[in-house]
Amino acid sequence: MNAHQAVTQGEPVVVDRAGKPKLPGTDVMVRFAGVTKTYPHRRGKPGVEALCDVDLEIGRGAITGIIGRSGAGKSSLVRLINGLEKPSGGRVVVDGREISRLTGADLRLAQRSIGMIFQHFNLLSSRTAAQNIALPLEIAGWSRTDIARRVGQLLALVDIADKRDRYPSELSGGQKQRVGIARALATRPDVLLSDEATSALDPQTTRSILDLLSTINRELGVTIVLITHEMSVVRQLARDVVVIDAGRIVERGEVADIFTAPKHPTTQAFLGEVLGEAVPLSLANRLQPAPVAGGQAVLRVAVRGAVAADTVVARLSRALDADVALLAARIDEIGGRHVGSLIVGVPAARAEQALAQLAQSRIEGEHLGYVA
Ligand SMILES: Nc1ncnc2c1ncn2[C@@H]1O[C@H](COP(=O)(O)OP(=O)(O)OP(=O)(O)O)[C@@H](O)[C@H]1O
Ligand SMILES: [Mg+2]
């Protein structure tokens, strides 16, 4: 997305945004090779292995979601990308530079092309919105006129031009995060790291901030690394997703693929949260472990893209030659594919047969219990 074509004597040469020729393999913006991060033991507490042998590639111009539970190692991973932490082993390469080996002025220069936004915004309370955004430019030694012009552009970009002279205490959470985004983009970074940037916001404000990040990715070509513990955030924004658990990558791929066929239990648990269990409370309360005379067996049928949700009930009914009741359903569309589950009722004595039938069609089914 960063790349455009420059024509030299009929031969197209791909160049990056700075006009440098793009080398083969440079479609990777961030690369981890065998990265381990161990925090040393302190005052009797044992050391912590936050990341273990992580190999990772984050595509240039992409939005990549990194999801994991609290303590999984997400923040450690972002701090390695921007060089705030050094790995205990392995290499971290950002835009072709091995950031894990840079120090001093070289590191600070490299960090200018990596912006970061935070859950709690990290704004200076004694500075106005405009002054917060100006800070990285002051540090980079820009002139006052250049700073004024750039801050004006950034305020417009994040749509808070009218709040330029407000202090953080006078801004809503969403407005504060817009200031944080403008500040992160001030030095025109190629990469934007977002560490739980929407976790403190309500769903509607989250949506507007995610829309803004999407626009920034699309229009400025900025590579975005989105750290989150919420699958809904990944789903709304990211193309690729990496699932980490206890310091290790347990699953990765395109969002649509992972959502339709999650393999690791951690991924499945995250998806359960976002897709919902689909069993209405009134039904869950009536479920019994043993068959009830004349009652129904209740099954959950997974809908995972390949199966068109609308044909499952009809096909099952035909195969069993019995009525199949649709008791509840929750279907989402992700990357153009259907994902979710159906809750169906079949005659109590036919539960095993129904499950076998689903298995034969390679559809996941689960027997939840019985109702009268
Ligand atoms: N500076 C540090 N010193 C010692 N241990 C640390 C340090 N930073 C993180 N850890 C430990 O490393 C592990 C991973 O922490 P990390 O902050 O990367 O997780 P996380 O996925 O960002 O969690 P959360 O969702 O709660 O922010 C945890 O066990 C944590 O206690
Ligand atoms: Mg964290």
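This report covers confidence, a sheet with its helix, a ligand shell and two unusual backbone angles.

**Confidence**

The model is predicted. Mean pLDDT over the chain is 88. Residues at 70 or more make up 90% of the chain. One stretch falls well short of that: residues 1–12 have pLDDT below 50. Those residues still show 18 contacts in the model beyond near neighbours in sequence. Where pLDDT is low, the predicted coordinates should not be read in detail.

**Sheet and helix**

Four strands build an open sheet, ordered β4-β3-β6-β7. Pairing is antiparallel. The edges are β4 (48–59) and β7 (97–98), each of which pairs on one side only. Strand β3 spans residues 28–39. Eight bridges join β3 to β4 in the antiparallel sense. Within this pair, V28 sits opposite G59 of β4.

Helix α1, residues 74–81, lies across β3, β4 and β6 (89–94). The helix runs at about 120° to β3.

**Shell around ligand 1**

Which residues surround ligand 1? They are Y39, V48, A50, G68, S70, G71, A72, G73, K74, S75, S76 and H229. Two elements, β4 and α1, each give two or more residues to this shell. Helix α1 provides the largest share, three residues. Thus the helix that crosses the sheet strands also contributes to the ligand shell. By class, the shell holds seven polar, four nonpolar and one charged residues.

**Positive phi outside glycine**

Most residues other than glycine have a negative phi. Two residues here, N122 and D159, have positive values. The table sets them side by side.

| Residue | Phi | Loop between | C-beta neighbours inside 10 Å |
|---|---|---|---|
| N122 | near 55° | β8 (114–118) and α3 (129–139) | 13 |
| D159 | about 65° | α4 (144–157) and α5 (173–185) | 14 |

Are these residues buried, exposed or partly exposed? N122 counts as partly exposed because it has 13 C-beta neighbours inside 10 Å. D159 has 14 such neighbours, so D159 also counts as partly exposed. A buried residue would need 20 or more, and an exposed one 12 or fewer. Both positions are in loops: N122 follows the strand β8 and precedes α3, while D159 lies between the helices α4 and α5.

Key
Residues numbered from 1 in each chain as written. Chains lettered and ligands numbered in written order. Predicted model: local features only at pLDDT ≥ 70, side-chain atom pairs only at ≥ 80, totals over all residues. Pairing = 2+ DSSP bridges. Contact = placed C-beta atoms within 7 Å. Axes fitted to C-alpha atoms, helices over the stretch in contact; angles between N-to-C directions. Near = placed C-beta within 6 Å. Nonpolar A, V, L, I, M, F, W, Y, C, P; charged D, E, K, R; others polar. pLDDT = per-residue confidence, 0-100.
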